[in-house]
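This report is for a reader meeting the structure for the first time. Please look over the sequence and the model before reading on.

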Amino acid sequence: MSQTRQTALTPSAPLVQLMAVACGLAVANIYYAQPLLDLLARSFDITSSTASLIVTVTQIGYAAGLVFIVPLGDQLDRRRLIAWVAAGTGAASVSAMLSPGIAWFVASSFFIGLTATCAQIMVPMAAHLAAETKRGAVVGRVMSGLLIGILLARAFSGIVADLAGWRAVFGIAAVLMFGLAVVLYRALPAEAAPAARRSYRATLVSVAHLLAEEPVLRRRIVYGGCGFAGFTIVWTALPFLLANAPYHYSETVIGLFSLLGAAGALGANAAGRLHDSGLGRRAVAGFMLAAIASFVGMGLFSSHLVVIMLGLFFMDLGVQGVQILNQSTIYSLRPDARSRITTAYMSCFFIAGAIGSALAGVSYQFGGWPGTMAVAGLLEAIALVFWMTERSS
């Protein structure tokens, strides 16, 4: 028994890599539509503000999955749960591909978001499998896969949409998710259910108790939520900036801009090692400052392509670095409740993202790109000011 337990606490490098790739493929589903908003607006004959609601509804679906699906990871065999939820994403993607109109597409987007949360079942599973001294590094590697998936999703969808239309994007996504469900079921270690299992209702209620009882969790929610709202504002508004003067870029070119963010996310992988070295608190401020600088630069120099490119890199570096540090910290709070901690943290995180995507449509309509960047920068500045109070909290 002890040998089995020790093996469980030291996941192999290939298993960690598989979980990173799987997280990336799963969470990518909620971002495929973002670089296609202008194309979808023309296809369904809707306004840009209405098109931005696609992102909002997907984020709301993701938040719902975090609340109602992810907590089950503390009660059930995560391997089975992950496989079934991944298959659900495949089914929802088929529905999106076949959408005859905007109402059907929006409904399908909700279920894509709802089931894409299998990524957030895998992250606490990785933290559970890792030894304490390696947890930050393991979480960092898995989260880097997730974050790269978020960003490469835009490049993938832009290229495929240009070559074969937007419906092909969701058809390919469906095939990937059905295949991923099979691979994960075969590769992930099975887990025994806890000896004393809560009812589903008690499991959900305990999430609220965690929020009430853990001040560190609440603080990290503010750090992460403000940054992710700004992150979502940028990526939701960016297609409108790049599709019009002075750029006039195609969906493929717009999607390729996500590669800059992916490079930033790779750099943020060092955040996990900083956490393991005891430098996490100061690193949080450094990553926040990088994000704020990026918002200011992109807002002031929107017609300078180099500034936009550098801004996207440093924005993702900053926001994703804070995210990895946050999750490395909160998973040390309650080892027996990591899935529920994920629910508490990530549901607030993605509600903030949904608010950000809604703000993007309004701020871009009334303030243009500079006004949109001002809103994103203000949100990150609020997080930094709150960080300054951490020592006395």
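The text below covers one helix and its surroundings, and then the salt bridges.

The model is predicted, not determined by experiment.

**Helix H6**

Helix H6 runs over residues 102–115 and has 14 residues. From its first C-alpha to its last it reaches 20 Å, which is close to the 20 Å expected at 1.5 Å a residue. The buried residues of H6 are Phe105, Ser108, Ser109, Ile112, Gly113, Leu114 and Thr115. Several other helices help to cover these buried residues, including H3 (37–44), H4 (48–68), H5 (78–97), H7 (118–129) and H9 (166–187).

One of these neighbours, H4, can be described further. The axes of H4 and H6 come within 6 Å and cross at roughly 35 degrees, and the crossing is right-handed. On the H4 side the contact is made by Ile54, Val57, Thr58, Ile60, Gly61, Tyr62, Ala64 and Gly65. On the H6 side Ile102, Phe105, Val106, Ser109, Phe110, Gly113 and Leu114 take part. Sorted by type, the residues of the contact of H4 with H6 are ten nonpolar, five polar and no charged. Of the H6 residues in this contact, Phe105, Ser109, Gly113 and Leu114 are also buried.

Threonine 115 also belongs to helix H6. Threonine 115 counts as buried because its relative accessibility is 11%, and the cut-off for buried is under 20%. Leaving aside residues up to four places away in sequence, threonine 115 touches Val85, Gly88 and Thr89.

**Salt bridges**

How many salt bridges does the structure hold? There are six salt bridges in the structure. Three of the pairs are set out here, with the distance between N and O atoms.

| Acidic residue | Basic residue | N to O distance |
|---|---|---|
| Glutamate 213 | Arginine 334 | 2.7 Å |
| Glutamate 214 | Arginine 334 | 2.9 Å |
| Glutamate 390 | Arginine 281 | 3.8 Å |

Arginine 334 forms a salt bridge with glutamate 213 and another with glutamate 214. The side chains of glutamate 213 and arginine 334 meet in a salt bridge. This pair links distant parts of the chain, 121 residues apart: glutamate 213 is in helix H10 (residues 200–213), and arginine 334 is in the loop between helix H16 (305–330) and helix H17 (338–387). Glutamate 213 is partly exposed, with a relative accessible area of 48%, and arginine 334 counts as partly exposed at 26% relative accessibility.

Glutamate 214 forms a salt bridge with arginine 334. Glutamate 214 lies in the loop between H10 and helix H11 (215–243) and arginine 334 in the loop between H16 and H17, so this pair ties together parts that are 120 residues apart in sequence. Glutamate 214 is buried, with a relative accessible area of 12%.

Arginine 281 forms a salt bridge with glutamate 390. The two are 109 residues apart and link distant parts of the chain, with arginine 281 in helix H15 (residues 280–300) and glutamate 390 in the segment after H17. Is arginine 281 buried or partly exposed? Arginine 281 is partly exposed, with a relative accessible area of 21%, whereas glutamate 390 counts as buried at 18% relative accessibility.

Elsewhere, Asp74, Arg78 and Arg340 are linked in a network of salt bridges.

Definitions and conventions:
Residues are numbered from 1 along each chain as its sequence is written. This is a predicted model: local features need pLDDT of at least 70, side-chain atom pairs count only at pLDDT 80 or more; totals for chains, interfaces and linings use all residues. Side-chain values use heavy atoms; hydrogens and water are left out. Helices (H or I, at least four residues) and strands (E, at least two) are DSSP runs, numbered from the N terminus. The expected span of a helix is 1.5 Å times one less than its number of residues. Buried means under 20% relative accessible area, exposed over 50%, partly exposed in between (1.4 Å probe, protein chains only). Contact means heavy atoms within 4.5 Å. Axes are lines fitted to C-alpha atoms, for helices over the stretch in contact, and angles run from 0 to 180 degrees between N-to-C directions. A crossing is left-handed if the near helix is turned anticlockwise from the far one by less than a right angle, and right-handed if clockwise. Ala, Val, Leu, Ile, Met, Phe, Trp, Tyr, Cys and Pro count as nonpolar, Asp, Glu, Lys and Arg as charged, and the others, Gly among them, as polar. A salt bridge is a side-chain nitrogen of Lys or Arg within 4 Å of a carboxyl oxygen of Asp or Glu.
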